[in-house]
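Welcome! Take a moment to look over the chain shown here, and then we will walk through it topic by topic.

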Amino acid sequence: MVVGYHDGYIGEGEVALERKDIPAAQSAFRKALDLDPKNVDAFYNEAGCYCLLKQSDAALRELEKALELGITNFKHLDDEHSPALPIAFAHALYSNAHGKP
């Protein structure tokens, strides 16, 4: 593995998210995880994709992985380009806690 390639995939995924191309974003984040299975940014961003797809269980699963790995950068929660992420995360967390889809 060449160090740094996973960062390129993270950037590719973030650009795809800005274009609202969620499948392309997920593919890029998956490639980053293939190269670096402990990449917290890839797990976090993938969780955001699942939220945007309204797949709460999958979003929570990916977010939990990021938290287990020690994520400390929650940049998208304040990102003006991704206003749906905080709402989607809140919905996913609420739904999971209350057993609702």
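Here is a short tour of the helices, the core and the cysteines.

Please keep in mind that this is a predicted model. The chain holds five helices and zero strands, so its pattern along the sequence reads α-α-α-α-α. Two helices, α3 and α4, get a closer look below.

**The whole chain**

- Of the 101 residues in the chain, 39% are buried.
- The accessible surface adds up to about 6000 Å², and carbon and sulfur atoms account for 55% of that surface.
- Take the contacts between residues at least 6 apart in sequence: 52% of them join residues at least 24 apart.

**Helix α3**

- Helix α3 covers residues 40-52, which makes 13 residues. At 1.5 Å a residue the helix should span 18 Å, and its end C-alpha atoms lie 19 Å apart, which agrees.
- Is α3 mostly covered or mostly open? It is mostly covered, with 11 of its 13 residues buried.
- The buried residues of α3 include nonpolar ones such as V40, A42 and F43, but N45 and E46 are also among them.
- Just after α3 comes K54, which takes a positive phi of about 60 degrees.

**The start of α3**

- N39 sits in the loop between α2 and α3.
- With a relative accessibility of 6%, N39 counts as buried, because the cut-off for buried is under 20%.
- What does the side chain of N39 reach? It reaches the backbone nitrogen of D41, at 3.0 Å. The atom of N39 that does this is a side-chain oxygen, and the contact lies at the start of α3.

**The nonpolar core**

- In soluble globular proteins, nonpolar side chains tend to be buried together.
- In this model, the largest nonpolar core has 17 residues. L17, A25, F29 and C49 are the ones with the most contacts inside it.
- Which helices each supply at least two residues of this core? They are α1 (5-18), α2 (22-35), α3 and α4 (56-68).
- The largest share of the core comes from α3, with six residues.
- Try finding L17 in the structure: leaving aside residues up to four places away in sequence, L17 touches I22, A25, F29, C49 and L52.

**Helix α4**

- Helix α4 has 13 residues, and the distance from its first C-alpha to its last is 18 Å. That is close to the 18 Å expected at 1.5 Å a residue.
- The buried residues of α4 are S56, A58, A59, L60, E62, L63 and A66.
- Just after α4, G70 takes a positive phi of about 90 degrees.

**The cysteines**

- How many disulfides does a search of the whole structure find? The search finds zero.
- Why is C49 not bonded to C51? The closest cysteine sulfur to that of C49 belongs to C51 and is 9.3 Å away, which is too far for a bond. A disulfide needs the two sulfur atoms to be within 2.5 Å.
- The view from C51 tells a matching story: its closest cysteine sulfur is in C49, at 9.3 Å, again too far for a bond.
- C49 has 0% relative accessibility, so it counts as buried.
- C51 has 7% relative accessibility, so C51 counts as buried too.

Technical notes: Residues numbered from 1 in each chain as written. Predicted model: local features only at pLDDT ≥ 70, side-chain atom pairs only at ≥ 80, totals over all residues. Heavy atoms only, no water. Helix = DSSP H or I, 4+ residues; strand = E, 2+ residues; numbered from the N terminus. Expected span 1.5 Å × (residues − 1). Buried < 20%, exposed > 50% of the residue type's maximum accessible area, 1.4 Å probe, protein only. Polar contact = N/O pair within 3.5 Å; in protein donor to acceptor, adjacent residues only side chain to side chain. Core = buried A, V, L, I, M, F, W, Y, C linked by side-chain atoms within 4.5 Å. Contact = heavy atoms within 4.5 Å. Areas by Shrake-Rupley, 256 points an atom, 1.4 Å probe, with all protein chains shown as cover.
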